[in-house]
Amino acid sequence: MATGEFAAHAAHAHAAPTSWIRKYVFSLDHKVIGMQYYFLALTAVFVGMILSLLMRIHLIWPSATLPFWGEIKPETYLSLLTMHGTIMVFFVLTTAPQGGFGNYFLPIQIGAPDMAFPVLNMLSFWVTALAFIVMLAAFFVVGGAPLHGWTGYPPLSALQSAGPGEGLGADLWVISIALFCLGALMSALNFITTTLDMRAKGMTMMRMPLTCWSWFITAILGLLAFGVLLSAGILLLLDRNAGTSFYVPLVTINGQLAGHKGGSPLLWQHLFWFFGHPEVYIAILPAMGLCSQLLSVFSRKPIFGYKAMVYAMLSIGFLGFMVWGHHMFMSGMSPYTAFAFSIMTMAIGVPSAIKTFNWLGTIWRGRIRFTSPMLFALGFVSLFVSGGISGPFLAQPVLDIQLHDTYFVVGHFHLIMGVASIFGIFAATYYWFPKMFGRMMNESLARWHFFISLIGTYAIFMPMHYLGMAGHLRRYSQLTELNYLHGLVPLQTFMTYAAFVTIAGQFIFLFNLFWSMKFGKKASDNPWEATTIEWTTTTPPPHDNFGGHMPVVNNGPYEYSVPGAPRDYVMQTDPPLAKAH
Amino acid sequence: MGLVLLVVIWLITFLSAYFFIAKTWWLPAGASVAAAGIDHHFSTTYILMGAVFVAAQVILGYFVWRYRDRGSASPQAQYSHGNNTLEITWTVLTSILFIGLVLMSSSIWASERFRPAAPGAVQVEVTGMQFAWYFRYPGTDGKFGATNPELQDASAGGEGAIGLDTKDPASKDDFVTGTMYVPVNREVEVILRAEDVIHSFFVPAMRFKQDAVPGLAIHMHFTPITTGDYEIACSQLCGLGHYKMHGILKVVSQEDYDKWLAAREAEKQ
Amino acid sequence: MALITTTAAVDATGVLLADYGRIDHGSAAFSARLRRARLGLIVALTGVVMIFVSFSSAYVVRKGLPTLDPQSGILVHDWLPLQLPSFLLVNTLVLLVSTLTMELARRQAAREALATGIGKSAVSTTSASHKEAQGMPWLALTAVLGLSFLAGQWLVWRELAASGFYVSTNPSSSFFYLLTATHGIHLLGGILTLIAASAAYFWRRLAESRVVVVDITAWYWHFMTFLWVYILCLLEVAH
């Protein structure tokens with residue numbers, strides 16, 4: 001819309017605040033808001049991780065009594081998995097890459113002094129934070145947290161009497177998600193407007209770093225998807241509390257008629273997955289953008305196929321809205337529809353494959369520097385391949401008959417959506433920490449953290465594929481009832497031990513993060529010798545990002561090892577390169 | 001560091017692939033007509049995807065080591081923005097691979113789901129409820145009688161659990177069991193219903209899985225080819241007892257099935 | 001419901017709230033601000049559209065969907081067509097008139113902007129043959145009409161309830177309340193913004209902001225009118 005047109009924002013739109021509250025709590029500064037999002041996600045990820053550890057302990061030692069917790073009952077296990085899934089998907093995978101790093105670095109990377117609507121930005125964070133508190137509150141009400149899984153399929157999620165936790169706990173769960181949707185919508189509005197309208201002079205769309213493209217596309221997905229989830233949540237709340245029958249047909253529960261009639265449980269599944277599948281890309285796209293960036297920076301080589309990368313992300317975003325039905329092959333949906341969804345789903349594998357090829361193409365004939373962000377970016381590629389390769393199994397309804405709702409699915413989405421995205425978050429942390437806090441993180445600790453995480457997550461999630469093939473269903477709180485599960489217990493035990501080690505490794509990261517803030521080596525303005533605009537400004541950036549002057553962009557984002565250049569990188573704000581390409 | 005990473009990535013790849021190739025854990029033995037086709041397609045997909053997996057990881061590991069920065073010993077990185085011919089080539093190749101796979105499996109899917117059960121198939125109505133499966137047989141008249149949700153009483157078990165309305169003449173000879181009996185080598189038509197929440201009827205050995213959804217009666221079919229006892233599991237989260245919602249499918253010879261049927265009818269009189 | 005109110009507030013005023021936050025230090029060109037606010041509005045309305053798209057598709061699916069009668073095991077339709085109260089036509093008329101007054105208010109503000117020289121080409125205006133800026137209180141009139149519309153909707157709900165159609169009575173009534181209430185809450189957000197803008201008018205400050213706010217609210221308002229006509233058509237198709 002405003003391509004190439006220089007919107008006159010020479011001075012920063014709002015002055016630097018002086019009071020502590022306005023500076024750190026209700027701040028309008030996108031950098032502070034970005035950090036608030038980041039620390040919210042950091043809190044959430046440790047909560048979610050501990051919940052998963054409790055689940056793994058329960059699977060192996062079902063009657064163990066845990067300190068601070070007590071015994072885990074079957075319904076507690078289901079509450080744990082529900083809250084683990086919800087917290088991880090919403091408050092970690094959606095919050096950290098987009099709300100955290102996107103907020104902090106999108107304006108700086110496109111050369112803007114702030115987000116387009118700072119008050120809205122602040123509001124979106126606080127609504128998200130409120131949503132997190134409401135979510136956690138579900139643990140502490142009568143009946144406890146809901147047990148309907150993060151997908152919340154009605155009638156289980158719509159009937160107060162369907163199980164413990166389906167009372168007030170489930171209401172809080174729905175309300176929290178609705179609040180989160182509001183926050184995400186506000187945030188998407190800001191990201192889109194900022195990207196379209198606030199780019200610095202010379203920063204054409206095709207000169208944007210791939211990180212900015214990924215945040216931009218993610219915001220569009222969020223804008224289109226979260227409204228649908230919000231609507232679905234409102235209908236669920238009405239079914240739960242106002243006696244309507246949007247989702248619930250005539251059912252009896254505990255020998256009583258539930259009082260609903262005629263509703264369609266599949267309606268929820270359609271609405272939920274219309275949001276839910278794009279949500280997968282909301283989680284992974286920023287990691288894709290970031291890892292593309294890092295592979296280029298640390299291979300000292302331009303990204304392989306910049307345009308192909310942009311088009312691949314756009315087509316992933318576009319196709320992402322047409323594949324939701326592949327979650328519903330076994331749901332009672334028409335088998336013809338299922339077949340159509342299957343073809344669309346396989347088609348979405350093509351742009352994903354293109355991205356993988358281009359990542360390999362980027363490091364090919366490069367000159368790789370093994371910094372901690374690069375290690376995580378390379379780990380991301382490995383995990384993305386491993387998690388992606390199981391997709392074509394699940395995308396075919398014929399094979400999904402056997403694999404649907406088994407651990408094969410759990411392994412698949414944890415590798416590609418969970419761990420790969422989290423590797424993206426780690427990579428981003430190690431990469432941008434110097435810019436955010438003015439110090440470097442400790443490299444040896446980072447390497448320990450990397451190898452423990454890489455080996456550990458493979459050890460946890462790869463065996464899930466074997467379990468799934470053997471027919472091991474997910475969301476089973478005990479393995480004692482089905483005979484064919486007995487032989488699989490050793491594998492489960494192995495995974496629990498792997499989880500202990502992996503989780504212990506994450507505390508290295510936590511220690512490194514806080515230790516380095518105080519005692520890390522002082523960072524220069526451009527410690528990685530990178531080209532994008534955030535490295536032209538001081539460390540940490542001033543309130544208006546550039547100290548009064550606005551950057552002018554002359555070059556593409558990935559000009560490394562340009563023949564004849566004085567050093568092996570040409571920054572975006574350096575004088576234009578002579579030759580056109 | 002490049003070498004360490006190469007070793008780690010290759011080792012992970014080798015170990016992961018080993019357990020797949022050794023089939024240490026594998027699909028349970030198939031016992032239905034569809035199993036052979038599904039398993040064959042699984043193997044095809046698995047070989048193709050396995051090759052892509054190993055190739056990508058091996059190349060990643062190799063590149064990481066080969067193109068590591070060795071100070072002045074390494075040449076400057078190549079200044080290249082990509083190659084359109086290559087991009088188009090692998091776009092076309094992956095499209096063919098992925099779309100081809102779906103089309104290859106379409107005939108199996110069609111025979112499983114597009115076509116209704118053949119006339120003369122054994123009819124069993126499967127009802128899921130928290131946390132048990134009930135199996136209703138239409139009896140000698142071949143017709144399922146009416147049910148009434150208000151009559152449902154899980155504690156009564158059997159006919160009472162699904163609320164069979166005895167006032168309907170068609171329901172007089174209907175009987176309900178907790179174990180599913182079917183004759184071998186005959187198509188079984190399953191009519192799936194759920195009373196309370198969504199359940200999912202999964203018989204791993206039959207390669208059969210379908211959600212039972214309240215408010216819907218879903219018609220599906222499968223044909224067992226080997227006699228024996230097979231476990232039935234619930235595969236859709238249905239509440240706190242989800243893990244223990246299971247049942248037994250007994251595939252017996254036609255004679256045994258007829259005998260069993262006659263005994264049930266006799267009980268009913 | 002508070003949730004949805006927040007959405008509405010964001011939809012209508014969030015963009016503008018942000019502008020209030022910046023105005024005291026604002027030196028960005030007026031046209032750039034107006035363009036940014038309009039862009040933000042388009043994006044926000046896309047989000048609103050998605051909410052109504054979901055409700056509409058749920059409506060269409062639910063209406064056409066037969067449900068299993070557990071007794072006979074056959075599929076039956078349980079949708080009772082709803083007799084829409086004719087008072088809705090009055091409400092519709094009020095809203096249509098309000099969109100007209102809103103447009104007059106927008107043009108008035110635009111002329112005012114021209115007169116004080118804050119914006120040149122950015123605001124589309126017609127010839128200045130209308131009354132001069134301080135003439136009619138179009139803004140306040142629009143707010144009053146908007147409130148009348150909501151009061152009218154309240155009467156419609158009362159009438160429906162009196163005839164036995166509550167939220168949970170039948171899917172047709174559930175959807176009627178759902179769609180009209182969601183629309184009403186969005187409109188309420190617009191009304192609150194109008195009141196804020198009118199207040200700003202009396203305080204004689206933030207002239208530049210006020211023009212932006214009025215402009216954005218006007219487009220938002222037009223969209224809400226359009227949305228209402230759409231909802232009415234959707235409900236009417238039920239017959």
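This is a short walk through a predicted model, chain by chain and then across the contacts between chains.

Hi everyone, thanks for coming. Let me start with how far we can trust chain A. Its average pLDDT is 92, and 97% of its residues score at least 70. The weak spot is residues 1–13 of chain A, where pLDDT stays under 50. The model still has 31 contacts beyond four places in sequence for that stretch. Where pLDDT is low, the predicted coordinates should not be read in detail. Please keep that in mind if you zoom in on the start of chain A.

Now the overall build of chain A. It has 15 helices and six strands. Along the principal axes, its C-alpha atoms fill a box of roughly 75 × 50 × 45 Å. A compact globule of 581 residues would have a radius of gyration near 25 Å, and the 24 Å of chain A agrees with that. Of those 581 residues, 67% count as buried. If we take the contacts in chain A with a separation of 6 or more, 80% of them are between residues 24 or more positions apart.

Chain B is another story. Here we have five helices and 10 strands. What radius of gyration does chain B have, when a compact globule of 269 residues would be near 18 Å? The value is 27 Å. The box for the C-alpha atoms of chain B is roughly 95 × 35 × 35 Å along the principal axes. Buried residues make up 41% of the 269 in this chain. For contacts in chain B with a separation of 6 or more, residues 24 or more positions apart account for 71%.

Let's go inside. The largest nonpolar core has 321 residues, and Phe380(A) and Ala427(A) are the ones with the most contacts within it. Which residues does Ala427(A) touch, leaving aside its neighbours within four places in sequence? Its partners are Leu290(A), Cys291(A), Leu294(A), Pro373(A), Phe376(A), Ala377(A) and Phe380(A).

Several of those names take us to helix H10 of chain A, residues 372–389. This helix has 18 residues and reaches 26 Å from its first C-alpha to its last, close to the 26 Å expected at 1.5 Å a residue. All of it is tucked away: 18 of the 18 residues of H10(A) are buried, so the helix is largely enclosed by the rest of the structure.

Next, helix H8 of chain A, residues 306–319. Its 14 residues should span 20 Å at 1.5 Å a residue, and its end C-alpha atoms are indeed 20 Å apart. The buried residues of H8(A) include Tyr306(A), Met309(A), Met313(A) and Ile316(A). An α-helix has 3.6 residues a turn, so residues three or four places apart point the same way. What do the buried residues of H8(A) pack against? On chain A the answer is helices H6, H7 and H9, and helix H3 of chain B joins them.

That brings us to the contact between the two chains. On one side are 86 residues of chain B, and on the other 96 residues of chain A. Helices H1, H2 and H3 and strands E7 and E9 of chain B each supply at least two residues of the side that touches chain A. H3(B) gives the largest share, 15 residues. By type, the chain B side divides into 46 nonpolar, 27 polar and 13 charged residues.

There is also a contact between chains B and C, which takes nine residues from chain B and six from chain C. On the chain B side, five of these are nonpolar, three polar and one charged.

A few backbone details before I stop. A cis peptide bond joins Pro154(A) and Pro155(A), with omega about 5 degrees. Pro155(A) sits in the loop between helices H4 and H5 of chain A. Another cis bond joins Thr539(A) and Pro540(A), with omega about -15 degrees. Pro540(A) lies in the loop between helix H15 and strand E5 of chain A.

Then there are positive phi values. Arg475(A) is not a glycine, yet its phi is about 60 degrees. Is Arg475(A) buried or exposed? With 21 other C-beta atoms within 10 Å, where 20 or more is the cut-off, Arg475(A) is buried. Asn185(B) also has a positive phi, near 60 degrees, but it is partly exposed, with 13 other C-beta atoms within 10 Å. Asn185(B) is in the loop between strands E4 and E5 of chain B.

That's my tour. Happy to take questions!

Conventions. Residues are numbered from 1 along each chain as its sequence is written. Chains are lettered from A and ligands numbered from 1 in the order in which they are written. This is a predicted model: local features need pLDDT of at least 70, side-chain atom pairs count only at pLDDT 80 or more; totals for chains, interfaces and linings use all residues. Helices (H or I, at least four residues) and strands (E, at least two) are DSSP runs, numbered from the N terminus. The expected span of a helix is 1.5 Å times one less than its number of residues. A residue is buried if 20 or more other C-beta atoms lie within 10 Å of its own, exposed if 12 or fewer, and partly exposed in between; C-beta atoms are placed from the backbone. Two residues are in contact if their C-beta atoms, placed from the backbone, lie within 7 Å. A nonpolar core is a set of buried Ala, Val, Leu, Ile, Met, Phe, Trp, Tyr and Cys residues joined through C-beta atoms within 7 Å. Ala, Val, Leu, Ile, Met, Phe, Trp, Tyr, Cys and Pro count as nonpolar, Asp, Glu, Lys and Arg as charged, and the others, Gly among them, as polar. The radius of gyration is taken over C-alpha atoms; the globule rule is 2.2 Å times the number of residues to the power 0.38. pLDDT is the predictor's confidence in each residue, from 0 to 100.
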